[in-house]
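Below are some notes on the model, set out as numbered points for you to check against the coordinates.

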Amino acid sequence: LMSHHVLRDANAVLSIGGGGSSRTHEYLSTKTKEFAILNTGMWDLEKAQMPKSEIKTYLIRSVGEEIPITDSQIQAIEIPSTLDHVVDAKKVIEESFRVLSNGGLIGITLGNSESWYRKLIKLLRIPIVDNHEHHHNFHFRVIDVENLLLGAGFIEIRTIGTAYFKLPKKIERNIKSPILLSAHRFISNSILRRVFGDHNGGMFLTIASKPTTYPNSA
């Protein structure tokens, strides 16, 4: 989804919170010439997977609140499951807006604090151990992310829900049949999305663009 909706036509891509086990290098566009990974952790930068050699890649150790890139240099930004870990989410979105070129795209993926199954669990008062509640500075709803983007000046904001029926990783890894895995993903990401709507998946991707006529900073 990130590749198709955000990165597909970008010459320069920035991944905020990428590196580590991220697979962004596998779905960069053939048009991409420069790729930057920004992360606070040395482990994530050291383990970052590099794209093909013709793409110039930069590893940047910094925070998303202070992106060391000049204005309007990037055509696409991804923030993969990272915005809930930062100190100042509003500042990260504002910095993303600044470094994006006019018409540039941003895509943010996050776990959904208001997924249909979290609502059901709360309604039934079922006690569970939920990793979503740990090691996060924020617990975002879709509307929270959309409002952050709107407040920073982004337009054409929309959200695509995913992971409506996500299997535990231990079970998913033990499924050897590609047909069964494909069937599960089709049900989880397509059929159930039509039933529950884009704002109720276990995860979501929110996409937005910087206006094409926005005046660049000096």
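1. In this predicted model, I108 is in contact with M2, I79, L83, I93, V145, L149, F204, L205 and T206, once its neighbours within four places in sequence are left aside. I108 also belongs to the largest nonpolar core, which has 30 residues, and it is among the members that touch the most others, together with L14, I77, I79, L83, I106 and F154. Two or more residues of this core come from each of β1, β2, β4 (74–80), α3 (89–99), β5 (100–111), α5 (142–152) and β7 (203–209), and the largest share, 5 residues, is supplied by α3. A second core, separate from this one, has 16 residues, including V6, V13, I37 and L205.

2. Which residues does E65 touch, beyond those up to four places away in sequence? They are V86, V87, D88, K91, V92 and E95. E65 is found in the loop between β3 (56–61) and β4, and it counts as buried because its relative accessibility, 13%, falls under the 20% cut-off. Its side chain reaches the backbone nitrogen of V87 at 3.0 Å, while the backbone nitrogen of D88 lies 2.9 Å from a polar atom of the E65 side chain. The C-alpha atoms of E65 and V92 are separated by 4.5 Å, although the two residues are 27 apart along the chain.

3. The loop between β3 and β4 also holds D71, and R98 lies in helix α3, so the salt bridge between them ties together parts that are 27 residues apart in sequence. The N to O distance in this D71 and R98 pair is 2.7 Å. R98 forms a further salt bridge with E95, with the closest N and O atoms 2.8 Å apart; these two residues both lie in helix α3, 3 residues apart, or about one turn of the helix. R98 is partly exposed at 21% relative accessible area, whereas E95 counts as buried at 9%.

4. The structure holds 8 salt bridges, and those that share partners join R8, D9 and K31 into one network. Within that network, the side chains of D9 and R8 meet at 3.7 Å, N to O. Both of these residues are partly exposed, D9 at 46% relative accessibility and R8 at 40% relative accessible area.

5. T24 lies in the loop between β1 (12–16) and β2 (34–39), and it is buried, with a relative accessible area of 2%. Its side chain makes a polar contact of 2.5 Å with the side chain of E78; please check this pair in the coordinates. Apart from neighbours within four places in sequence, T24 is in contact with L7, S15, F35 and E78.

6. S15, in strand β1, is likewise buried, at 1% relative accessibility. Not counting residues up to four places away in sequence, S15 touches T24, F35, A36, I37, L38, E78 and P80. A polar atom of the S15 side chain lies 3.4 Å from the backbone nitrogen of G18.

7. On the surface, F186, I187, I191, V195 and F196 form a nonpolar patch, with about 430 Å² of accessible area together. I187 has its place in helix α7 (residues 178–196) and is partly exposed, with a relative accessible area of 38%.

Notes
Residues are numbered from 1 along each chain as its sequence is written. This is a predicted model: local features need pLDDT of at least 70, side-chain atom pairs count only at pLDDT 80 or more; totals for chains, interfaces and linings use all residues. Side-chain values use heavy atoms; hydrogens and water are left out. Helices (H or I, at least four residues) and strands (E, at least two) are DSSP runs, numbered from the N terminus. Buried means under 20% relative accessible area, exposed over 50%, partly exposed in between (1.4 Å probe, protein chains only). A polar contact is a pair of N or O atoms within 3.5 Å; within protein, one must be able to donate a hydrogen and the other to accept it, and residues adjacent in sequence count only if both atoms are side-chain atoms. Contact means heavy atoms within 4.5 Å. Patches are made of residues with over 30% relative accessible area and no salt bridge: like charges are joined within 9 Å, nonpolar side chains (Val, Leu, Ile, Met, Phe, Trp, Tyr) within 5 Å. Accessible areas come from the Shrake-Rupley method with a 1.4 Å probe; for residues, only the protein chains shown count as cover. A salt bridge is a side-chain nitrogen of Lys or Arg within 4 Å of a carboxyl oxygen of Asp or Glu. A nonpolar core is a set of buried Ala, Val, Leu, Ile, Met, Phe, Trp, Tyr and Cys residues joined through side-chain atoms within 4.5 Å.
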